[in-house]
Every structure is written in C-alpha cells, then in structure tokens.
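Trainee: Could we go through this one together? I'd like to hear how each label gets earned.

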Amino acid sequence: MAEENEQYGFEGLMDDPEDYYPPTPPHKEEMFTMKSGKPITLRLVGSSPTEAHIVWNGSKMIADYFEDEPSRVRGRTVLELGAASGLPSLVAGILGARKVVMTDYPDPDIVKVMQMNIDTCDETVDPRGTLSKAVDAAGFVWGSDSEPLLARLNAGLEGPGTELFDVLILADLLFRHSEHGALVKTIRETMRKSRDSVAYVFFTSYRPWKKEADEKFFDIAREEGFEVEQIAERRLDKPLFDNDPGDLDIQKTVRGFAVRWPATATHIQSHNKASAHVMSAEPQTSPYLDQLNQDGFVVIKAIVGGPKLEELRAATSKATELARGGGWPHVRTVGKQFPPWDASTAREHGIWGVQHLMNPELPGHEGFTELYFSEAILGIVKQLLRCGDDELVMELFNMLVRPEKDFELRWHRDDIPAEAMPQEEMERLSRPAYHAQYNFALYDDDSLVVVPGSHKRPRTDVERNADPFEKVLPDQLIVKLQPGDIVFYNNNILHRGVYDSNRERMTLHGSVGHVQGNRLRARNVLQHGVGKWVNECAFERLSGMERQRAEAMRQRLVQLGTESGEVGFSLQG
C-alpha cells in the first residue's frame, strides 16, 4: 500500500503540515530576590491551562512572610498545592524546613520545571545537596488520594507512615471556584491535627467582581470545622495584569489567611501526647531536639533580623539605661549569681541583668512581650518539648547585660547543687525537662561556656574537684552567637558565664514551660518574682491567635503558682 501511495503521489496526504500546530512555547525564566538579598532563579512552563506559567503575587508574599519569621517553616514539614514555580517551597527549604513537597497538576512538563527549580536552587545553597534532599516535586490533583504525598513525607520511617504535614501552602488558588471543596478535602487529609499546624492561604481577587466567590472557600473551610483568621495584607504598586477590568485597589491587594484546626479537634491528640517530652525515648522528629538531646544545647541562626532586631536593640538600651540609673529595681547585681538580688547594691556593685521585661511598668515591654509569644520562638519551643500550644506555660523573660566591671559565674547546673553526689546527680538528670531555656543575642555574644554532653552524666572527678571559677575544663566549648541567633540549652548542662565589661552585651534570657512541670519547675520560675505582676501583662500588640495563646499560657502560670504555694529558692550565692 505504501508503494501504491508513493506511485500515485498520495504519500503523506493525511499528515498534518509541519506548521499546523503552534509550537510549544519555550520555558520562561524569572528572578526573585529574597529579603536577605539571595536571588532565586525560577523557570516556568511557556503556557499552561492551569496557569502554572505565572509567578503569582500570593506566592511572592508567602515567601516574604516565611522569611520575616523563619520559624514558621524551620524544622517543619511543608506541602504546597498548585505550586507552579514552587517559590514558597524553595524559600521554605532554604530557611530550614525539614521536608517540603511541592505539587502541581500532574503534567510532565510542569513537574519537570518544578524539579529543575529545585536542582538550580540547590546549586546556590551551602552545603550543596541539602535542598534537593529536603524538597520533592510531585504531580497531584486536588482532592485525590493523598497517600502518595504522605508516603514522600514518611519515607525512611520505620513501620507504617502516619505523619502528616505541619504547614500547607495555597498561593493564589481561590479563583478556581469549583475546586474549593477539593482543596479543603486535601487540607483535612494532609494537615497534622495540632493547634500549631496551619494552612497559609494567600491570594488576590484578580477579577474583582468575583471577590465574594473567591472568599466562599473560607465558608467551606469553616463548615468543615476549621478556624480562619486573616493574618496579612499588602497593597502593591500595580496589579499583576495590566489593563484588566474592575477595581484596581482590589487587583493590587494581596491578603493572607491562616486556616487551622480548632482546639476541640486537637484536644484528644494533645492529651494522648502528654507523656512525650524532651527526655522521651520515642523517635525524634526535630533536628533541633536531636542536637539538644545529644549535646545539651542547640544554636539556631538568625531567627529575627532587620527592623525587628533594631527595635529590640533600642528597647533594651533604654531598659538597661533605666536600670543602671536606679529607675528599674528588678536587676541582677554583680557579685551575686542567684536570686534574690538586692537592688540597693546596684549603684555600688553594678548590674549584669535586667529582670521582668514583660512587666507592664517597664517602658518598651510591648516589644518584649510580642517577641516572647511569637511563633519565631514558640515554634522552636514546641519542637523541643514535642507539644502543642495548649501545653505551653508562660515563664521568664529577662536580659543579660554588660557589667561595668568584669564578672564571672561559677560552674553550675541550675537545678542541682554543687555538693550533690553522683547518684543524686543522675537521679536529677534522669527527670524530664519540662521547659525550654534560651539566650537570644542582640549583639555578638560569647559569654556562655558549656561542657557538651554533661547533661547526661554525673560530673567527672576533674569537674567535681575543679575550682568553681576554673578557666578551662576538659572538652568545654564557648557558645558563639551573632545578632539574631538563639541558643536553647538544657539548664542542667555544666555551664558558666563569662562577662566582659568592654564588650556590649544585651542578650534576652527566657524560658517556656510545659504543663507537666512540677514543684521544682515552679520554684525555678516563681523565685524570680514574676507572680507579682503576671496578671497585668499586656497582650494588646499580639495578633488574635497569638493573644489567645498568650492568655492561656499566663493562666497556666497563675495556676502553677496557686498550686505550688511557697517555693523558696533553688540555689544560693
């Protein structure tokens, strides 16, 4: 037949001409610059019926939102729906998310482009290979079987995978009105049931006349039992699309919402987890907790920066000046390591700390309170204590400052007296640590000296017989912090402080408790006098969800004080 066609000139008669179909548009490329100055190269498909050829404003704003407070994703698991270029997922990976799965419609070209963006971005991070290990690209249809996504999250875990995602990303997806139910179904099936889990839904109503239809997504989410809160809004200089009809102000506005499980949905799960704490032998899910358990401390870089850091520096400078001048009586005086401190000796001996930063009588207390209850800090605390918001207890927030003459603290453990014998040390060290204690540096700080691993064993003979102010102990390490860094440490690690009068120091020293803390923990907190003003603590600057969390944490502290009675002091000197 082929020969016959060829003979009569019919060969190729039914073939389409070469230019019959328009060529597939080539991939596009766009550059996004993080607030830190780091550039991210984004490839996009040339065109797509699912609109995956655009870097939407919602994805850019979520990327900025994560960078403003990296703890929103650091150490957490993240799922992005309708990712296109995957910008928020890439930023989450750069900021230290434990696992990220970026998804879009299972078009091979879209998935290929997402993987190309992961590979390209991986070449720019240090060490190379960390991003490609943490971030996956996958095809996924909203509302379909989520098991393949969860399998990626649980790969490598022993036994059946049961872990769900901490964070979901939905950037500019709400214009797909017919898919609202499918999106909510996927949130329900993939988001971990915890008060600190959240689906971030950021969008612009690009068709202003359909704004109400876009917002019906939240009605469906509420009907399914979720709580919805607006958390962000940004007015851009111009709309994403030129010459589109409708209200320009609406087209230029990006809004962000948080969709969360209600407290009633997480209560039973939180109750069942109560026995899981920092000393648990169960498999750990946080690299921070792993390092804290191994070394007794963990440093996390740059949790706050930019204007917020400058605001905190200004507030701490004023508080320190007020305290040095005798205008704030709650101070730590040079020459005395543990409470109580006598403020009347401050002028003679100088100070090395300022107490009660959240006391409403202290100028600048609002900024300190906002930081203490922020997700930047509490997000890490919840990983270390393996708990949710409803198990956190408000504790202490103080400041360690440069003394006017050199001053050193002796080697010590916070809860264990120096005269304790090895058996008593081990008995104390084996107890769960129902709190997280930290130093947050506003300036370079190398004042904390620790002996890594000493939180898991009694002191050696050398350590036990050493001078309390011994300059160097075997295996000691100086913890070095840069501005914005935070170190969490086990308060029973063998440690001391060395304060140089010639170097500026303003380091915020805080702790957050767990509801299972006992009388010993109550003593460590209440000996600082926080109970005298805790009921007046002001939460006006906190957002709605953070304010509710703060109120609940304060109430748990008040209850702790009521139940504990007279608690005395933990150590002397």
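Mentor: Sure. This is a predicted model, and a good place to begin is R152, which is partly exposed with a relative accessible area of 34%.

Trainee: Why is R152 called partly exposed?

Mentor: Buried needs under 20% and exposed needs over 50%. R152 has 34%, so it counts as partly exposed.

Trainee: What makes D136 buried?

Mentor: D136 comes out at 15% relative accessibility. The limit for buried is under 20%, so D136 counts as buried.

Trainee: How do you know that R152 and D136 form a salt bridge?

Mentor: The test asks for a Lys or Arg side-chain nitrogen within 4 Å of an Asp or Glu carboxyl oxygen. For R152 and D136 the closest N and O atoms are 3.5 Å apart, so the pair passes. R152 lies in helix α6 and D136 in strand β5, so the bridge ties together parts 16 residues apart in sequence.

Trainee: And what makes K60 and E30 a salt bridge?

Mentor: Their side chains meet at 3.5 Å, N to O, and the limit is within 4 Å. This pair links distant parts of the chain, with K60 in helix α2 and E30 in strand β1, 30 residues apart. K60 is partly exposed at 24% relative accessibility, and E30 is partly exposed at 29%.

Trainee: How many salt bridges does a search of the whole structure find?

Mentor: It finds 41. One of them joins D389 and K382 at 2.8 Å, N to O, and both of those residues are buried. D389 and K382 also belong to a network of salt bridges with R76, D166, R192, D196, E375 and R549.

Trainee: Why is helix α15 described as largely enclosed by the rest of the structure?

Mentor: Eleven of its eleven residues, 375-385, are buried, so the description fits. Among them are E375 and K382. Right after α15 comes R386, with a positive phi near 50 degrees.

Trainee: Which residues are closest to the centre of the largest pocket?

Mentor: E69, R72, E375, A376 and E546, out of 46 lining residues. The space in that pocket is about 1,200 Å³. Helix α15 is one of the elements that each supply at least two residues of the lining, while α19 gives the most, with six.

Trainee: What is the lining of the largest pocket made of, by class?

Mentor: It has 22 charged, 17 nonpolar and seven polar residues.

Terms used:
Residues numbered from 1 in each chain as written. Predicted model: local features only at pLDDT ≥ 70, side-chain atom pairs only at ≥ 80, totals over all residues. Heavy atoms only, no water. Helix = DSSP H or I, 4+ residues; strand = E, 2+ residues; numbered from the N terminus. Buried < 20%, exposed > 50% of the residue type's maximum accessible area, 1.4 Å probe, protein only. 1 Å grid on protein atoms, 1.4 Å probe; cavity = no way out; pocket = protein on both sides within 12 Å on 5 of 7 lines; lining within 4 Å. Points joined across faces, edges and corners; volume = space filled by probe spheres on them. Nonpolar A, V, L, I, M, F, W, Y, C, P; charged D, E, K, R; others polar.
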